[in-house]
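Here are some notes to read alongside the structure. I have grouped them by region, and I hope they are handy at the bench.

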Amino acid sequence: MFRVFFLWLMVYSGVILTSAQSNPETLQLLDKAYKSLYENPDNAFQILQNIDENKEPELIKQRVKIILSRAYNFKGEYAKSIEQSIDKNLNENRNDNNSLYADYALAQQYQSLRLYKQSIRISQNLVDKASKIKSQNYPENLMAYIYQLNASNLMVQKKLKEAEENLRQSNALLKDPDEDFLISIENQIYQTFIYITQNQIDKAENIVNDIEAKLNKNPQYIFLRAFNLDNLGRIYFLKKDYAGSAEHLNKALELIQNSSYNPLKNRIYDDLSKNYLALKNDKLYQQYYSVYKEQTDKLDQNKKEALRDLIKLNEQYETKRIENSHNSFVSNVLIISVVCLIGILAVIFMSISEKRKARSIQKQIDFYTKQQDFIKKIDENKTVVEPKIGKIDSDISKKTPLISKEKEADILSRLEEFEKSEKFLNRDMSLAVLAGQLETNTKYLSEVINKYKEKNYNNYINELRINYIAYLLKTDSAYLNYKVSYLAEKAGFSSHSAFTTVFKSVTGISPNTYIQQLTQNKQ
(Lines give C-alpha, C1' and ligand atoms only; values in the text may rest on other atoms or scores of the structure.)
Protein backbone atom coordinates (compact mmCIF):
# COMPACT_ATOMS: atom_id res chain seq x y z
CA MET A 1 0.00 0.00 0.00
CA PHE A 2 2.86 2.37 0.80
CA ARG A 3 4.93 1.25 -2.14
CA VAL A 4 4.60 4.54 -4.01
CA PHE A 5 3.53 7.06 -1.37
CA PHE A 6 6.97 8.67 -1.29
CA LEU A 7 6.58 9.43 -5.01
CA TRP A 8 4.12 12.11 -3.95
CA LEU A 9 6.68 14.20 -2.12
CA MET A 10 9.16 14.06 -5.00
CA VAL A 11 6.92 16.16 -7.17
CA TYR A 12 6.58 18.97 -4.66
CA SER A 13 10.11 19.54 -3.38
CA GLY A 14 11.13 23.11 -4.11
CA VAL A 15 14.64 24.53 -4.20
CA ILE A 16 15.89 27.97 -3.13
CA LEU A 17 19.62 28.54 -3.30
CA THR A 18 21.91 31.40 -2.30
CA SER A 19 24.35 33.23 -4.53
CA ALA A 20 26.89 35.81 -3.42
CA GLN A 21 26.62 37.64 -6.75
CA SER A 22 22.85 38.14 -6.61
CA ASN A 23 20.93 41.21 -5.51
CA PRO A 24 20.07 40.83 -1.77
CA GLU A 25 16.52 42.06 -2.38
CA THR A 26 16.06 39.49 -5.15
CA LEU A 27 17.34 36.72 -2.85
CA GLN A 28 14.86 37.77 -0.18
CA LEU A 29 12.01 37.62 -2.68
CA LEU A 30 13.14 34.17 -3.87
CA ASP A 31 13.30 32.91 -0.30
CA LYS A 32 9.87 34.33 0.46
CA ALA A 33 8.37 32.81 -2.71
CA TYR A 34 9.92 29.43 -1.95
CA LYS A 35 8.51 29.32 1.59
CA SER A 36 5.11 30.44 0.31
CA LEU A 37 4.89 27.17 -1.68
CA TYR A 38 4.20 25.41 1.61
CA GLU A 39 1.81 28.13 2.83
CA ASN A 40 -0.21 29.00 -0.27
CA PRO A 41 1.22 28.37 -3.78
CA ASP A 42 -0.88 31.18 -5.27
CA ASN A 43 1.16 33.68 -3.25
CA ALA A 44 4.35 32.56 -4.99
CA PHE A 45 3.13 33.95 -8.31
CA GLN A 46 2.48 37.38 -6.80
CA ILE A 47 5.85 37.51 -5.04
CA LEU A 48 7.84 36.55 -8.14
CA GLN A 49 6.14 39.29 -10.17
CA ASN A 50 8.34 41.74 -8.23
CA ILE A 51 11.49 40.29 -9.82
CA ASP A 52 12.56 41.81 -13.13
CA GLU A 53 14.14 38.78 -14.83
CA ASN A 54 15.59 40.94 -17.62
CA LYS A 55 17.94 42.51 -15.09
CA GLU A 56 18.95 39.24 -13.44
CA PRO A 57 21.67 36.69 -14.36
CA GLU A 58 20.78 33.32 -15.90
CA LEU A 59 20.97 31.43 -12.60
CA ILE A 60 18.33 33.70 -11.04
CA LYS A 61 16.07 33.21 -14.07
CA GLN A 62 16.38 29.43 -13.73
CA ARG A 63 15.58 29.58 -10.02
CA VAL A 64 12.49 31.67 -10.70
CA LYS A 65 11.34 29.06 -13.22
CA ILE A 66 11.94 26.24 -10.72
CA ILE A 67 9.76 27.91 -8.07
CA LEU A 68 7.04 28.71 -10.61
CA SER A 69 7.01 25.12 -11.88
CA ARG A 70 6.79 23.83 -8.30
CA ALA A 71 3.85 26.15 -7.59
CA TYR A 72 1.97 24.76 -10.58
CA ASN A 73 2.79 21.21 -9.46
CA PHE A 74 1.32 21.92 -6.01
CA LYS A 75 -1.88 22.98 -7.76
CA GLY A 76 -1.93 19.91 -10.05
CA GLU A 77 -1.39 22.01 -13.18
CA TYR A 78 1.34 19.80 -14.62
CA ALA A 79 1.23 21.14 -18.18
CA LYS A 80 1.91 24.70 -16.97
CA SER A 81 4.68 23.34 -14.77
CA ILE A 82 6.36 21.76 -17.80
CA GLU A 83 5.98 24.99 -19.75
CA GLN A 84 7.66 26.99 -16.98
CA SER A 85 10.63 24.78 -16.23
CA ILE A 86 11.66 23.13 -19.50
CA ASP A 87 10.68 25.35 -22.42
CA LYS A 88 14.29 26.48 -22.89
CA ASN A 89 16.23 23.98 -20.85
CA LEU A 90 16.17 21.28 -23.52
CA ASN A 91 18.18 23.48 -25.86
CA GLU A 92 20.91 24.27 -23.36
CA ASN A 93 24.35 22.72 -23.33
CA ARG A 94 24.24 20.00 -20.68
CA ASN A 95 28.00 20.38 -20.05
CA ASP A 96 27.57 24.00 -19.01
CA ASN A 97 27.86 24.48 -15.24
CA ASN A 98 24.81 26.75 -15.32
CA SER A 99 22.71 23.81 -16.51
CA LEU A 100 22.77 22.13 -13.08
CA TYR A 101 19.62 23.99 -12.08
CA ALA A 102 18.01 23.04 -15.38
CA ASP A 103 19.02 19.39 -14.97
CA TYR A 104 17.55 19.34 -11.47
CA ALA A 105 14.27 20.81 -12.70
CA LEU A 106 14.11 18.41 -15.64
CA ALA A 107 14.69 15.39 -13.38
CA GLN A 108 11.85 16.52 -11.12
CA GLN A 109 9.50 16.97 -14.06
CA TYR A 110 10.27 13.44 -15.25
CA GLN A 111 9.42 12.21 -11.74
CA SER A 112 6.11 14.05 -11.61
CA LEU A 113 5.09 12.32 -14.86
CA ARG A 114 6.34 8.92 -13.59
CA LEU A 115 9.14 8.76 -16.18
CA TYR A 116 11.47 7.35 -13.57
CA LYS A 117 14.18 5.94 -15.84
CA GLN A 118 14.85 9.37 -17.30
CA SER A 119 14.78 11.01 -13.87
CA ILE A 120 17.14 8.42 -12.36
CA ARG A 121 19.63 8.89 -15.19
CA ILE A 122 19.82 12.63 -14.53
CA SER A 123 19.84 12.51 -10.71
CA GLN A 124 22.60 9.89 -10.63
CA ASN A 125 24.63 11.98 -13.06
CA LEU A 126 24.21 14.99 -10.76
CA VAL A 127 25.38 12.97 -7.75
CA ASP A 128 28.41 11.81 -9.75
CA LYS A 129 29.21 15.50 -10.31
CA ALA A 130 29.15 16.23 -6.56
CA SER A 131 32.83 17.10 -6.24
CA LYS A 132 32.69 19.32 -9.32
CA ILE A 133 29.62 21.14 -8.01
CA LYS A 134 31.37 21.83 -4.71
CA SER A 135 34.51 23.08 -6.48
CA GLN A 136 32.36 25.57 -8.44
CA ASN A 137 31.24 27.14 -5.13
CA TYR A 138 27.61 26.19 -5.55
CA PRO A 139 25.63 26.49 -2.31
CA GLU A 140 25.61 23.40 -0.14
CA ASN A 141 21.85 23.08 -0.13
CA LEU A 142 21.90 22.53 -3.91
CA MET A 143 23.78 19.29 -3.28
CA ALA A 144 21.44 18.53 -0.37
CA TYR A 145 18.49 18.69 -2.77
CA ILE A 146 20.32 16.64 -5.38
CA TYR A 147 21.05 13.86 -2.84
CA GLN A 148 17.41 13.99 -1.75
CA LEU A 149 16.25 13.70 -5.36
CA ASN A 150 18.54 10.73 -5.94
CA ALA A 151 17.35 9.10 -2.71
CA SER A 152 13.76 9.26 -3.90
CA ASN A 153 14.73 7.66 -7.21
CA LEU A 154 16.59 4.88 -5.40
CA MET A 155 13.43 4.25 -3.35
CA VAL A 156 11.54 3.67 -6.60
CA GLN A 157 14.15 1.02 -7.42
CA LYS A 158 13.70 -0.45 -3.90
CA LYS A 159 17.36 0.24 -3.12
CA LEU A 160 16.49 1.34 0.39
CA LYS A 161 19.96 1.17 1.96
CA GLU A 162 21.42 3.33 -0.80
CA ALA A 163 18.46 5.69 -0.46
CA GLU A 164 19.12 6.07 3.28
CA GLU A 165 22.78 6.79 2.57
CA ASN A 166 21.77 9.56 0.15
CA LEU A 167 19.45 11.02 2.79
CA ARG A 168 22.34 11.00 5.28
CA GLN A 169 24.50 12.81 2.72
CA SER A 170 21.72 15.34 2.23
CA ASN A 171 21.29 15.95 5.97
CA ALA A 172 25.07 16.32 6.44
CA LEU A 173 25.02 19.31 4.05
CA LEU A 174 22.36 21.21 6.02
CA LYS A 175 24.20 23.84 8.04
CA ASP A 176 21.59 26.49 8.84
CA PRO A 177 18.67 25.15 10.97
CA ASP A 178 16.38 28.00 9.89
CA GLU A 179 17.31 28.22 6.21
CA ASP A 180 17.36 24.44 5.74
CA PHE A 181 14.31 23.66 7.92
CA LEU A 182 12.03 22.65 5.04
CA ILE A 183 14.45 20.25 3.35
CA SER A 184 15.24 18.61 6.72
CA ILE A 185 11.49 17.99 7.24
CA GLU A 186 11.22 16.52 3.73
CA ASN A 187 14.18 14.22 4.42
CA GLN A 188 12.41 12.98 7.56
CA ILE A 189 9.28 12.26 5.53
CA TYR A 190 11.35 10.20 3.06
CA GLN A 191 12.82 8.26 6.00
CA THR A 192 9.25 7.63 7.18
CA PHE A 193 8.41 6.04 3.83
CA ILE A 194 11.49 3.82 4.04
CA TYR A 195 10.47 2.55 7.50
CA ILE A 196 6.94 1.88 6.29
CA THR A 197 8.27 -0.05 3.29
CA GLN A 198 10.38 -2.11 5.70
CA ASN A 199 7.24 -2.65 7.85
CA GLN A 200 8.86 -0.81 10.78
CA ILE A 201 5.60 0.94 11.65
CA ASP A 202 6.63 2.03 15.16
CA LYS A 203 9.74 3.80 13.86
CA ALA A 204 7.68 5.44 11.13
CA GLU A 205 5.14 6.68 13.69
CA ASN A 206 7.91 8.09 15.91
CA ILE A 207 9.25 10.17 13.03
CA VAL A 208 5.76 11.38 12.07
CA ASN A 209 5.16 12.52 15.66
CA ASP A 210 8.55 14.27 15.71
CA ILE A 211 7.70 16.07 12.45
CA GLU A 212 4.32 17.12 13.87
CA ALA A 213 6.02 18.61 16.96
CA LYS A 214 8.39 20.65 14.77
CA LEU A 215 5.63 21.83 12.44
CA ASN A 216 3.47 22.90 15.37
CA LYS A 217 6.15 25.56 15.97
CA ASN A 218 5.85 26.58 12.30
CA PRO A 219 2.09 26.35 11.71
CA GLN A 220 2.23 28.45 8.54
CA TYR A 221 3.51 25.46 6.51
CA ILE A 222 0.05 23.93 6.12
CA PHE A 223 1.06 21.73 3.17
CA LEU A 224 3.65 19.80 5.19
CA ARG A 225 1.32 19.66 8.22
CA ALA A 226 -1.50 18.19 6.12
CA PHE A 227 0.88 15.81 4.32
CA ASN A 228 2.26 14.59 7.66
CA LEU A 229 -1.24 14.11 9.11
CA ASP A 230 -2.18 12.10 6.03
CA ASN A 231 0.85 9.86 6.59
CA LEU A 232 -0.18 9.44 10.22
CA GLY A 233 -3.66 8.48 9.01
CA ARG A 234 -2.14 5.85 6.74
CA ILE A 235 -0.09 4.45 9.62
CA TYR A 236 -3.25 4.15 11.73
CA PHE A 237 -4.93 2.44 8.77
CA LEU A 238 -2.14 -0.16 8.69
CA LYS A 239 -2.68 -0.67 12.41
CA LYS A 240 -6.41 -1.20 11.58
CA ASP A 241 -7.43 1.75 13.76
CA TYR A 242 -9.79 3.07 11.08
CA ALA A 243 -11.59 5.56 13.32
CA GLY A 244 -8.28 7.09 14.44
CA SER A 245 -7.08 7.16 10.86
CA ALA A 246 -10.21 8.99 9.68
CA GLU A 247 -9.79 11.53 12.48
CA HIS A 248 -6.25 12.46 11.37
CA LEU A 249 -7.27 12.55 7.71
CA ASN A 250 -10.17 14.92 8.42
CA LYS A 251 -7.77 17.23 10.29
CA ALA A 252 -5.46 17.18 7.28
CA LEU A 253 -8.31 17.99 4.91
CA GLU A 254 -9.52 20.82 7.14
CA LEU A 255 -6.05 22.43 7.04
CA ILE A 256 -5.97 22.74 3.23
CA GLN A 257 -9.68 22.77 2.38
CA ASN A 258 -9.56 26.42 1.25
CA SER A 259 -6.19 26.16 -0.52
CA SER A 260 -5.26 25.10 -4.05
CA TYR A 261 -3.32 21.97 -3.05
CA ASN A 262 -5.56 19.88 -5.31
CA PRO A 263 -3.37 16.73 -5.67
CA LEU A 264 -2.86 16.50 -1.89
CA LYS A 265 -6.60 16.97 -1.31
CA ASN A 266 -7.27 14.14 -3.74
CA ARG A 267 -4.83 11.87 -1.92
CA ILE A 268 -6.74 12.55 1.32
CA TYR A 269 -10.11 11.91 -0.37
CA ASP A 270 -8.80 8.51 -1.47
CA ASP A 271 -7.58 7.64 2.02
CA LEU A 272 -10.86 8.74 3.64
CA SER A 273 -12.90 6.64 1.21
CA LYS A 274 -10.84 3.55 2.11
CA ASN A 275 -11.29 4.18 5.83
CA TYR A 276 -15.04 4.62 5.57
CA LEU A 277 -15.25 1.49 3.45
CA ALA A 278 -13.41 -0.37 6.23
CA LEU A 279 -15.76 1.21 8.78
CA LYS A 280 -18.74 0.07 6.62
CA ASN A 281 -20.01 3.65 6.37
CA ASP A 282 -21.34 3.36 2.84
CA LYS A 283 -22.65 6.94 2.67
CA LEU A 284 -19.31 8.60 3.46
CA TYR A 285 -17.44 6.02 1.39
CA GLN A 286 -19.52 6.87 -1.68
CA GLN A 287 -19.18 10.60 -0.98
CA TYR A 288 -15.39 10.67 -0.78
CA TYR A 289 -14.82 8.06 -3.46
CA SER A 290 -16.98 10.04 -5.89
CA VAL A 291 -14.96 13.23 -5.27
CA TYR A 292 -11.70 11.28 -5.49
CA LYS A 293 -12.65 9.70 -8.83
CA GLU A 294 -13.77 13.03 -10.31
CA GLN A 295 -10.59 14.82 -9.25
CA THR A 296 -8.38 11.93 -10.37
CA ASP A 297 -9.81 12.14 -13.88
CA LYS A 298 -9.01 15.87 -14.01
CA LEU A 299 -5.46 15.43 -12.72
CA ASP A 300 -4.79 12.50 -15.06
CA GLN A 301 -5.99 14.54 -18.03
CA ASN A 302 -3.61 17.33 -17.04
CA LYS A 303 -0.76 14.84 -16.74
CA LYS A 304 -1.49 13.49 -20.21
CA GLU A 305 -1.36 17.01 -21.60
CA ALA A 306 1.93 17.64 -19.78
CA LEU A 307 3.36 14.39 -21.13
CA ARG A 308 2.41 15.37 -24.68
CA ASP A 309 4.12 18.74 -24.20
CA LEU A 310 7.24 17.10 -22.83
CA ILE A 311 7.39 14.67 -25.77
CA LYS A 312 6.92 17.56 -28.18
CA LEU A 313 9.76 19.50 -26.53
CA ASN A 314 12.02 16.47 -26.72
CA GLU A 315 11.15 16.05 -30.39
CA GLN A 316 11.98 19.71 -31.04
CA TYR A 317 15.29 19.29 -29.25
CA GLU A 318 16.07 16.13 -31.21
CA THR A 319 15.09 17.80 -34.50
CA LYS A 320 17.39 20.72 -33.79
CA ARG A 321 20.22 18.36 -32.88
CA ILE A 322 19.79 16.50 -36.16
CA GLU A 323 19.63 19.75 -38.14
CA ASN A 324 22.89 20.93 -36.58
CA SER A 325 24.62 17.62 -37.18
CA HIS A 326 27.57 17.69 -39.58
CA ASN A 327 26.95 14.14 -40.62
CA SER A 328 23.58 14.10 -42.35
CA PHE A 329 24.22 10.61 -43.71
CA VAL A 330 24.36 9.12 -40.22
CA SER A 331 21.22 11.03 -39.29
CA ASN A 332 19.34 9.72 -42.31
CA VAL A 333 20.46 6.16 -41.64
CA LEU A 334 19.29 6.56 -38.04
CA ILE A 335 15.86 7.77 -39.13
CA ILE A 336 15.50 4.95 -41.67
CA SER A 337 16.60 2.43 -39.05
CA VAL A 338 14.03 3.74 -36.59
CA VAL A 339 11.27 3.54 -39.21
CA CYS A 340 12.26 -0.03 -40.07
CA LEU A 341 12.44 -0.93 -36.39
CA ILE A 342 8.97 0.51 -35.82
CA GLY A 343 7.67 -1.58 -38.72
CA ILE A 344 9.24 -4.75 -37.35
CA LEU A 345 7.94 -4.01 -33.86
CA ALA A 346 4.46 -3.41 -35.27
CA VAL A 347 4.47 -6.84 -36.95
CA ILE A 348 5.74 -8.47 -33.75
CA PHE A 349 3.14 -6.62 -31.71
CA MET A 350 0.31 -7.76 -33.98
CA SER A 351 1.55 -11.35 -33.78
CA ILE A 352 1.78 -11.22 -29.99
CA SER A 353 -1.62 -9.55 -29.79
CA GLU A 354 -3.27 -12.35 -31.79
CA LYS A 355 -1.64 -14.99 -29.59
CA ARG A 356 -2.80 -13.17 -26.48
CA LYS A 357 -6.35 -13.02 -27.83
CA ALA A 358 -6.29 -16.76 -28.44
CA ARG A 359 -4.96 -17.42 -24.95
CA SER A 360 -7.55 -15.07 -23.48
CA ILE A 361 -10.41 -16.91 -25.20
CA GLN A 362 -9.07 -20.25 -23.99
CA LYS A 363 -8.77 -18.86 -20.46
CA GLN A 364 -12.39 -17.72 -20.57
CA ILE A 365 -13.52 -21.19 -21.70
CA ASP A 366 -11.50 -22.88 -18.94
CA PHE A 367 -12.73 -20.42 -16.34
CA TYR A 368 -16.42 -20.82 -17.18
CA THR A 369 -15.98 -24.61 -16.99
CA LYS A 370 -14.37 -24.34 -13.56
CA GLN A 371 -16.93 -21.77 -12.47
CA GLN A 372 -19.79 -24.23 -13.12
CA ASP A 373 -18.07 -26.76 -10.85
CA PHE A 374 -17.51 -24.06 -8.24
CA ILE A 375 -21.18 -22.97 -8.24
CA LYS A 376 -22.36 -26.58 -8.13
CA LYS A 377 -20.08 -27.29 -5.22
CA ILE A 378 -21.40 -24.33 -3.23
CA ASP A 379 -25.08 -24.85 -4.08
CA GLU A 380 -25.09 -28.53 -3.25
CA ASN A 381 -22.92 -27.96 -0.17
CA LYS A 382 -21.14 -31.24 -0.70
CA THR A 383 -19.56 -33.03 2.19
CA VAL A 384 -15.81 -33.51 2.24
CA VAL A 385 -14.75 -36.07 -0.33
CA GLU A 386 -11.72 -38.21 0.36
CA PRO A 387 -9.02 -36.91 -2.02
CA LYS A 388 -8.03 -39.31 -4.77
CA ILE A 389 -4.37 -39.48 -4.01
CA GLY A 390 -3.67 -42.68 -5.92
CA LYS A 391 -4.48 -41.26 -9.36
CA ILE A 392 -2.49 -38.07 -8.81
CA ASP A 393 0.41 -39.99 -7.31
CA SER A 394 0.67 -42.07 -10.45
CA ASP A 395 1.37 -38.91 -12.44
CA ILE A 396 4.04 -37.69 -10.06
CA SER A 397 5.46 -40.98 -8.87
CA LYS A 398 8.89 -39.90 -9.95
CA LYS A 399 8.91 -37.25 -7.18
CA THR A 400 10.11 -38.26 -3.73
CA PRO A 401 7.27 -37.54 -1.29
CA LEU A 402 8.21 -35.31 1.63
CA ILE A 403 5.29 -36.44 3.78
CA SER A 404 3.22 -39.56 4.21
CA LYS A 405 0.08 -40.20 2.16
CA GLU A 406 -1.98 -40.12 5.35
CA LYS A 407 -0.69 -36.65 6.18
CA GLU A 408 -1.30 -35.47 2.63
CA ALA A 409 -4.87 -36.79 2.79
CA ASP A 410 -5.42 -34.97 6.07
CA ILE A 411 -4.12 -31.66 4.68
CA LEU A 412 -6.17 -32.05 1.50
CA SER A 413 -9.27 -32.75 3.57
CA ARG A 414 -8.68 -29.61 5.64
CA LEU A 415 -8.10 -27.63 2.43
CA GLU A 416 -11.50 -28.79 1.16
CA GLU A 417 -13.10 -27.38 4.32
CA PHE A 418 -11.09 -24.16 3.94
CA GLU A 419 -12.26 -23.76 0.33
CA LYS A 420 -15.90 -23.99 1.45
CA SER A 421 -15.39 -21.18 3.97
CA GLU A 422 -14.79 -17.52 3.26
CA LYS A 423 -11.54 -17.35 5.21
CA PHE A 424 -9.53 -16.97 2.00
CA LEU A 425 -11.06 -13.46 1.67
CA ASN A 426 -8.99 -12.32 4.63
CA ARG A 427 -6.28 -9.98 3.30
CA ASP A 428 -3.85 -11.30 5.93
CA MET A 429 -4.32 -14.95 4.88
CA SER A 430 -0.67 -15.82 4.21
CA LEU A 431 0.85 -19.28 3.75
CA ALA A 432 2.02 -19.20 7.37
CA VAL A 433 -1.43 -18.19 8.69
CA LEU A 434 -3.18 -20.90 6.69
CA ALA A 435 -0.66 -23.52 7.81
CA GLY A 436 -1.39 -22.56 11.41
CA GLN A 437 -5.14 -22.89 10.88
CA LEU A 438 -4.72 -26.29 9.23
CA GLU A 439 -2.41 -27.43 12.07
CA THR A 440 0.53 -28.15 9.81
CA ASN A 441 3.69 -26.36 8.71
CA THR A 442 4.34 -24.15 5.67
CA LYS A 443 6.65 -26.70 4.04
CA TYR A 444 4.05 -29.48 4.04
CA LEU A 445 1.23 -27.15 3.03
CA SER A 446 3.23 -25.64 0.16
CA GLU A 447 4.18 -29.12 -1.06
CA VAL A 448 0.54 -30.33 -1.04
CA ILE A 449 -0.74 -27.23 -2.83
CA ASN A 450 1.95 -27.45 -5.50
CA LYS A 451 1.44 -31.19 -5.89
CA TYR A 452 -2.35 -31.51 -5.96
CA LYS A 453 -3.58 -28.01 -6.85
CA GLU A 454 -0.80 -27.67 -9.44
CA LYS A 455 -0.05 -24.06 -8.53
CA ASN A 456 1.84 -22.11 -5.90
CA TYR A 457 0.18 -20.68 -2.80
CA ASN A 458 -0.37 -17.16 -4.17
CA ASN A 459 -2.03 -18.42 -7.35
CA TYR A 460 -4.10 -20.87 -5.31
CA ILE A 461 -5.46 -18.26 -2.87
CA ASN A 462 -6.02 -15.69 -5.62
CA GLU A 463 -7.96 -18.16 -7.77
CA LEU A 464 -10.23 -18.97 -4.81
CA ARG A 465 -10.91 -15.26 -4.32
CA ILE A 466 -11.63 -14.61 -7.99
CA ASN A 467 -13.92 -17.65 -8.23
CA TYR A 468 -15.84 -16.46 -5.17
CA ILE A 469 -16.31 -12.91 -6.51
CA ALA A 470 -17.32 -14.30 -9.92
CA TYR A 471 -19.84 -16.54 -8.11
CA LEU A 472 -21.32 -13.56 -6.23
CA LEU A 473 -21.59 -11.54 -9.43
CA LYS A 474 -23.36 -14.40 -11.18
CA THR A 475 -25.76 -15.32 -8.38
CA ASP A 476 -26.48 -11.96 -6.71
CA SER A 477 -27.38 -9.18 -9.15
CA ALA A 478 -26.76 -6.54 -6.45
CA TYR A 479 -23.03 -7.09 -6.86
CA LEU A 480 -23.24 -6.04 -10.51
CA ASN A 481 -23.83 -2.47 -9.30
CA TYR A 482 -20.81 -2.33 -7.00
CA LYS A 483 -17.60 -0.56 -8.01
CA VAL A 484 -14.60 -2.70 -8.88
CA SER A 485 -12.69 -1.11 -5.99
CA TYR A 486 -15.33 -2.47 -3.57
CA LEU A 487 -15.12 -5.94 -5.13
CA ALA A 488 -11.33 -5.80 -4.75
CA GLU A 489 -11.70 -4.99 -1.03
CA LYS A 490 -14.33 -7.71 -0.65
CA ALA A 491 -12.02 -10.26 -2.27
CA GLY A 492 -9.14 -9.40 0.06
CA PHE A 493 -6.92 -7.58 -2.45
CA SER A 494 -4.83 -4.62 -1.37
CA SER A 495 -5.59 -2.53 -4.45
CA HIS A 496 -7.94 -2.09 -7.39
CA SER A 497 -5.10 -2.69 -9.89
CA ALA A 498 -3.93 -5.93 -8.24
CA PHE A 499 -7.48 -7.30 -8.27
CA THR A 500 -7.95 -6.38 -11.94
CA THR A 501 -4.64 -7.98 -12.94
CA VAL A 502 -5.37 -11.26 -11.11
CA PHE A 503 -8.99 -11.34 -12.30
CA LYS A 504 -7.87 -11.07 -15.91
CA SER A 505 -5.14 -13.70 -15.44
CA VAL A 506 -7.70 -16.17 -14.04
CA THR A 507 -10.71 -15.45 -16.26
CA GLY A 508 -9.09 -14.06 -19.42
CA ILE A 509 -11.15 -10.85 -19.22
CA SER A 510 -11.26 -7.77 -17.01
CA PRO A 511 -13.78 -7.39 -14.14
CA ASN A 512 -15.66 -4.65 -16.04
CA THR A 513 -15.98 -6.84 -19.14
CA TYR A 514 -17.18 -9.78 -17.03
CA ILE A 515 -19.80 -7.59 -15.34
CA GLN A 516 -20.95 -6.24 -18.70
CA GLN A 517 -21.36 -9.77 -20.07
CA LEU A 518 -23.41 -10.87 -17.06
CA THR A 519 -25.56 -7.73 -17.24
CA GLN A 520 -26.30 -8.31 -20.92
CA ASN A 521 -27.18 -11.96 -20.28
CA LYS A 522 -29.68 -10.97 -17.57
CA GLN A 523 -31.47 -8.48 -19.86
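**Notes on salt bridges, helix packing and loops**

1. Let us start with Glu489, which is partly exposed, having a relative accessible area of 27%. Please keep in mind that this is a predicted model. The side chain of Glu489 meets that of Arg427 in a salt bridge, with N and O 2.7 Å apart. This pair links distant parts of the chain, 62 residues apart: Glu489 sits in helix 23 (residues 484–491), while Arg427 belongs to the loop between helix 19 (405–420) and helix 20 (431–437). Arg427 is partly exposed too, with a relative accessible area of 35%.

2. How many salt bridges does a search of the whole structure find? The search gives 20. One of them joins Lys239 and Glu205, whose closest N and O atoms are 3.0 Å apart. Lys239 lies in the loop between helix 13 (222–238) and helix 14 (242–256) and Glu205 in helix 12 (residues 201–216), so this salt bridge ties together parts of the chain that are 34 residues apart in sequence. The two partners differ in burial: Lys239 is partly exposed at 42% relative accessible area, whereas Glu205 is buried at 13%.

3. Another salt bridge brings together the side chains of Lys80 and Glu77, at 3.7 Å from N to O. Lys80 is partly exposed, with a relative accessible area of 42%. Glu77 also counts as partly exposed, at 22% relative accessibility. With the cut-off for buried at under 20%, Glu77 at 22% falls in the partly exposed class.

4. Now for the pair of helices on either side of the Lys239 loop. Helix 13 and helix 14 pack with their axes 8 Å apart, at an angle of about 165°. Angles over 145 degrees count as roughly antiparallel, and helix 13 and helix 14 are therefore roughly antiparallel to each other. Their crossing is left-handed. On the helix 13 side, the residues that meet helix 14 include Ile222, Ala226, Leu229, Gly233 and Phe237. Among their counterparts in helix 14 are Tyr242, Ser245, Leu249, Ala252 and Ile256.

5. Do have a look at the backbone of Lys240, in the loop between helix 13 and helix 14. Lys240 has a positive phi of about 65°, although it is not a glycine. Most residues other than glycine have a negative phi. Lys280 is another such case, with a positive phi of about 60°. Lys280 lies in the loop between helix 15 (262–278) and helix 16 (282–323). Is the side chain of Lys280 buried or exposed? Lys280 is exposed, with a relative accessible area of 76%.

6. Helix 12 deserves a second visit, this time for Ile207, which is found there. At 13% relative accessibility, Ile207 counts as buried. Leaving aside neighbours within four places in sequence, Ile207 is in contact with Gln188, Gln191, Thr192 and Tyr195. Ile207 and Leu232 are 25 residues apart in sequence, and their C-alpha atoms are 9.9 Å apart in space.

7. Which residues of helix 3 (residues 41–48) are buried? They are Pro41, Ala44, Phe45, Ile47 and Leu48. These buried residues cover an arc of only 165° around the axis, which puts them on the same side of helix 3. What covers them includes helix 2 (24–36) and helix 4 (58–75).

8. Further along the chain, the axes of helix 22 (residues 457–475) and helix 24 (residues 496–507) come within 10 Å and cross at roughly 85°. Helix 22 and helix 24 are therefore roughly perpendicular to each other. The contact is made by Asn462, Glu463, Ile466 and Ile469 of helix 22, together with Phe499, Val502, Phe503, Val506 and Thr507 of helix 24.

9. A last lysine to look at is Lys453, in helix 21 (residues 442–453). Lys453 is buried, with a relative accessible area of 18%. Leaving aside neighbours within four places in sequence, the contacts of Lys453 are Leu412, Leu415, Glu416, Glu419, Val448 and Tyr460.

Definitions and conventions. Residues numbered from 1 in each chain as written. Predicted model: local features only at pLDDT ≥ 70, side-chain atom pairs only at ≥ 80, totals over all residues. Heavy atoms only, no water. Salt bridge = Lys/Arg side-chain N within 4 Å of Asp/Glu carboxyl O. Buried < 20%, exposed > 50% of the residue type's maximum accessible area, 1.4 Å probe, protein only. Helix = DSSP H or I, 4+ residues; strand = E, 2+ residues; numbered from the N terminus. Contact = heavy atoms within 4.5 Å. Arc of directions from axis to C-beta. Axes fitted to C-alpha atoms, helices over the stretch in contact; angles between N-to-C directions. Parallel < 35°, antiparallel > 145°, perpendicular 65-115°, else oblique. Left-handed = near helix turned anticlockwise from the far one by under 90°.
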